[in-house]
Amino acid sequence: LSQSVRVRVNDRVWGFTPEIFASYKKDKFNIMGKVMYAQNTAHLTMVSGFGATSFDAETGSYDYAPLNSAVSWVNATYGERWKAGLMLGYIQNLGSFKEFISLEEKGFIYSASKDIPDSNSKFYRVTEGVVTAILKNDKNLLQKELRVRDKNLKYPDEISHKELFYSNEIKNEIAKITEYLSNDKFEAIQRRLEEKCMPKGVCIMFYGESGTGKTESVYQLAKKTGRSIFHVDIGKAVSQWHGGTIKNLSNIFEKYNLFCKQSKMRGHEIPILLFNEADALFGKRLHDVNQGSEIDENHTQSMLLDYIERQEGLVILTTNLEGNFDDAFERRFLFKLKFERPNFETKKKIWKNKISWLETDSVEQLASNYDFSGAEIENIVRKSTMDEVLTGKRPSVKEIEEYCKTEKFEKSKKTRIGFGC
């Protein structure tokens, strides 16, 4: 396989290294010393170097910043032909004034089409896996090796297929959203919205009770439409330090925008930015704020409102506390789909799908007697599977009902404390 590659080779990193040197000599005694502030002095075998601070996917250009260090030493000697001496030195790594990016996360490989390599490819980072794929002439393997690697990024073929069951109303809404997000339809929709000077980004909210399939629906939606998912780690996004959350969110949005740009260059579908359990991050703006933490919270909500308003990608939020959201978010979500607990017919389908050997009357009995969500039914199936492995035999319907009775927390009776008549 041959390929013409455009490589930028004239990137530079600048450094500034001032130093002060002093020496004093009297008779046989000599003392000298040096103090130096050093930047990018690895060539002097010092603790230094440089790193990349940003990357332009269009031009392949990197911006760099040097590592800084402080060095000082003093050397004292006595004698003429034979000298005795003492030397003391100190060096400290001062780090960089700018934050370095992870080059592995940013990705080095870009292609204009799905068939890699192709005549319009721009940048390559050759790894052992890439070489293996080229030698084997395996385009599928090469496609995987050229992927951007990020722990929060999941590709469609990495998502396991899972059959989900909904009420007819939710099923129809999910089917409609799936059709909207199919590649040809979605691109046409975005073009038409842009022509009419309307925001072309799409924001969707899945809300409802816990365990009703909101998150899994996003993953299955991504798999069906051939989209990757960039899952926001809410725990790491929220910071206790002043301005920390806003900084983390800025990095998340910057990274997602880069993934979108890379996907377009490769001819792939725009990925989904997923905020799972988004109520931990999205909230209401506060009034009459006085403390710094309250001001910080309002800045965070304003930033989220602004991004949701002007983003050009595909954002999906899941929550079971939609009442905690600011009213201003409501109009910014194009689709708002409420997931409710499964009805009798839906529960029957879930039980039968999870435990195929159940008889019809047993399925109806379980669906009628227990008001479970899909996730709760799955918990029971997992426990019965564990027991089946342990005992070597299939659990009975009676045993499954015992699992059902212990699935929910017991509601203890209220006990009066104190004196009364």
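**Briefing: cores and a helix pair**

Of the 421 residues in this protein, 39% count as buried (under 20% relative accessible area, 1.4 Å probe, protein chains only). Keep in mind that this is a predicted model, where local features need pLDDT of at least 70, side-chain atom pairs count only at pLDDT 80 or more, and totals for chains, interfaces and linings use all residues. Residues are numbered from 1 along each chain as its sequence is written, and side-chain values use heavy atoms, leaving out hydrogens and water.

**Overall make-up**
- You'll find 14 helices and 12 strands here (DSSP runs: H or I of at least four residues for helices, E of at least two for strands, numbered from the N terminus).

**Nonpolar cores**
- The largest nonpolar core (buried Ala, Val, Leu, Ile, Met, Phe, Trp, Tyr and Cys joined through side-chain atoms within 4.5 Å) has 54 residues, and those with the most contacts inside it include Ile-204, Phe-206 and Phe-253.
- Leaving aside residues up to four places away in sequence, Phe-253 touches Leu-273, Phe-275, Met-303, Leu-304 and Tyr-307 (heavy atoms within 4.5 Å).
- Another core, of 15 residues, lies apart from the largest one, with Leu-366, Ala-367, Tyr-370 and Cys-404 among them.

**Helices H11 and H13**
- The axes of H11 (residues 344-354) and H13 (residues 374-391) come within 10 Å and cross at roughly 25° (lines fitted to C-alpha atoms over the stretch in contact, with angles from 0 to 180 degrees between N-to-C directions).
- H11 and H13 are therefore roughly parallel to each other (angles under 35 degrees).
- Ile-350, Trp-351 and Lys-354 in H11 meet Gly-374, Ile-377, Glu-378, Ile-380 and Val-381 in H13.

Terms used: Angles under 35 degrees count as roughly parallel, over 145 as roughly antiparallel, 65 to 115 as roughly perpendicular and the rest as oblique. Buried means under 20% relative accessible area, exposed over 50%, partly exposed in between (1.4 Å probe, protein chains only).
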